[in-house]
Each structure stands twice: as structure tokens, then as C-alpha cells.
Amino acid sequence: INQIGRIDPSKGTFNSDFYLWFRYAGDDSVRDVDLNAATEKSPYNPKEPLLEQQNNGMHYSLYRVHGDFRTTYDFHDYPFDSQVLTIRLTNPRVSREQVIYAIDTFGLRLPRTDGGVSQLRPLSNWDFVQIRHEVDTLNSFSTRGQPGAFHAEYETQFSGFNTVIGIRRKTVVYL
């Protein structure tokens, strides 16, 4: 995460600028991911990497993503509230049996004693609490029209990845 900006609870969005990279063997379908982008045009295009390399059958692709993302805000404790901003990445075209998105502890230099927030530029009304990364799974129970699966227990799992940024409202402004 390079920057979080323009937190807009009225629209249920926030703005983020970050790097996304893939290291993989095999075809490029692992890069065909969806982000929880709020705008009509996705801030991520798998066909436009900043950097692309291949070494001994291992592919590396680097992207810079900058855009608005959807999230759900909870105002039960307003103005003493904390919020969670989530950047969600899923690939609903390739099953979990074919690809699993993992936390790059070496590339992200994890774990960090500061929770990863010291690198972020401060916001006027919010304090950053933590940044954490999570491997996720999206479950689908649809048969996708396959006649042989109509009367069977059918589930497909898709790999996902979340980056979760915890923020807390600066209450001094309201006091």
C-alpha cells in the first residue's frame, strides 16, 4: 500500500494506491483477477503490467493500481468509530485447485512491528491502526448449467486475497 486517500463514508468508498504483483509458473490466467473497485472502469488491467519478467519458467508481473474501492462503513460508535477498509482480490475464472493467492512475506517484509502503517501518509480525520493481509476463498454452489451436477452437492472454490486497513477517527476534531 502506497497511500490511502479520500475516505468517503457517504459513498461507501475510499481511494487507494498500491502495487500488486504475481509470481507464478504456467499461463497468465492467474493475473485475471477482479478487485472490489467502485468505479465503472477497473483500476487494474491484467494486460498492462509495469514490469514483466520470466526466469527459468517462473513469471513475474508487477502492476501499480490506483483507484476507488467499495467498502462498508459502520457508524454505531460515531464519532468514536473505527472502520475497516478492505481491498478484495478474487479470480472467479480459475478454481482454487488451479491457483492459490498467497501472502508474500518476503516481498512485503513481514512481520512488521508497526503493523505496516508507518509507511502511509497521515490523513486529517483518521489514524491508521494496522494493515494485514489474508488469504481468502470464494465458494460457489452454482452448477453453471452442467446437467450432470443438477442433483448433486456441487461446490466450486475460488482463490482470493484481502488487504485490510484498520482506521480510527481522530476524535479531537469533535471535542
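Reader: Accessible areas here come from the Shrake-Rupley method with a 1.4 Å probe. With that in mind, what does the accessible surface of the protein come to?

Author: The model is a predicted one, and the accessible surface of the protein in it comes to about 11,000 Å². Carbon and sulfur atoms account for 49% of that surface.

Reader: And how much of the protein is buried?

Author: The protein has 175 residues, and buried residues make up 40% of them. As for its extent, the C-alpha atoms fill a box of roughly 65 × 45 × 30 Å when this is taken along the principal axes.

Reader: Okay, what about secondary structure, how many helices and strands are there?

Author: There are zero helices and eight strands, and the order of elements from the N terminus on is therefore simply β-β-β-β-β-β-β-β, since helices and strands are the DSSP runs being listed.

Reader: How do strands in a sheet pair with each other, in general?

Author: Strands of a sheet pair through backbone hydrogen bonds, and the pairing may be either parallel or antiparallel.

Reader: Then which strands form the open sheet here, and in what order?

Author: Four strands form an open sheet, and reading across it the order is 3-6-8-7, with antiparallel pairing. Strand 3 (34-35) and strand 7 stand at the edges, and each of these has a single partner strand, so one side of each is left without a neighbour in the sheet.

Reader: Can we walk across it? How many bridges join strand 3 to strand 6?

Author: Strand 3 and strand 6 are joined by two bridges, in the antiparallel sense, and one pair you can look for is aspartate 34 with its bridge partner in strand 6, threonine 90. Moving on, strand 6 is joined to strand 8 (residues 156-169) by ten bridges, and these two strands also run antiparallel. Leucine 85 has isoleucine 165 of strand 8 as its bridge partner, while isoleucine 87 stands opposite threonine 163 in strand 8.

Reader: Staying in strand 6, is glutamine 83 buried or exposed?

Author: Glutamine 83 is found in strand 6, and it counts as buried because its relative accessibility is 3%, where buried means under 20%. A polar atom of the glutamine 83 side chain lies 2.6 Å from the backbone oxygen of aspartate 74. Beyond its neighbours within four places in sequence, glutamine 83 is in contact with several residues, including Tyr73, Asp74, Trp126 and Ile165.

Reader: Now the edge strand 7, where I clicked on valine 135. How exposed is valine 135?

Author: Valine 135 lies in strand 7 and is partly exposed, because its relative accessible area is 38%. Its C-alpha atom is separated by 4.6 Å from that of phenylalanine 161, although the two residues are 26 apart along the chain. If neighbours within four places in sequence are left aside, the residues in contact with valine 135 are Arg96, Tyr101, Ala102, Ile103 and Gly160.

Reader: Let's switch to the start of the chain. Which way do strand 1 and strand 2 pair?

Author: Strand 1 (residues 3-8) and strand 2 pair in the antiparallel sense, over four bridges, and glycine 5 stands opposite asparagine 15 of strand 2. The two strands form a hairpin with four residues between them, in which glycine 12 takes a positive phi near 70°.

Reader: Strand 2 also has an aspartate, number 17. Why does aspartate 17 count as buried?

Author: Aspartate 17 is in strand 2 (residues 13-24), and it counts as buried because its relative accessibility is 9%. Its side chain is joined to that of arginine 64 by a polar contact of 2.5 Å. Not counting neighbours within four places in sequence, aspartate 17 is in contact with a set of residues, among them Ile1, Gln3, Arg64 and His66.

Reader: What about arginine 121, where does arginine 121 sit?

Author: Arginine 121 is in the loop between strand 6 (82-95) and strand 7 (126-140), and it counts as exposed, with 51% relative accessibility. Arginine 121 touches Gln3 and Phe128, residues up to four places away in sequence not being counted. From arginine 121 to aspartate 17 is 104 residues in sequence and 12 Å in space, C-alpha to C-alpha.

Reader: Last one: how far apart are the mean positions of the positive and negative charges?

Author: There are 19 positive and 21 negative charges in the protein, and their mean positions are 5 Å apart.

Definitions and conventions: Residues numbered from 1 in each chain as written. Predicted model: local features only at pLDDT ≥ 70, side-chain atom pairs only at ≥ 80, totals over all residues. Heavy atoms only, no water. Buried < 20%, exposed > 50% of the residue type's maximum accessible area, 1.4 Å probe, protein only. Polar contact = N/O pair within 3.5 Å; in protein donor to acceptor, adjacent residues only side chain to side chain. Contact = heavy atoms within 4.5 Å. Lys, Arg positive; Asp, Glu negative; His and termini not counted. Charge placed at Lys NZ, Arg CZ, Asp CG, Glu CD. Pairing = 2+ DSSP bridges.
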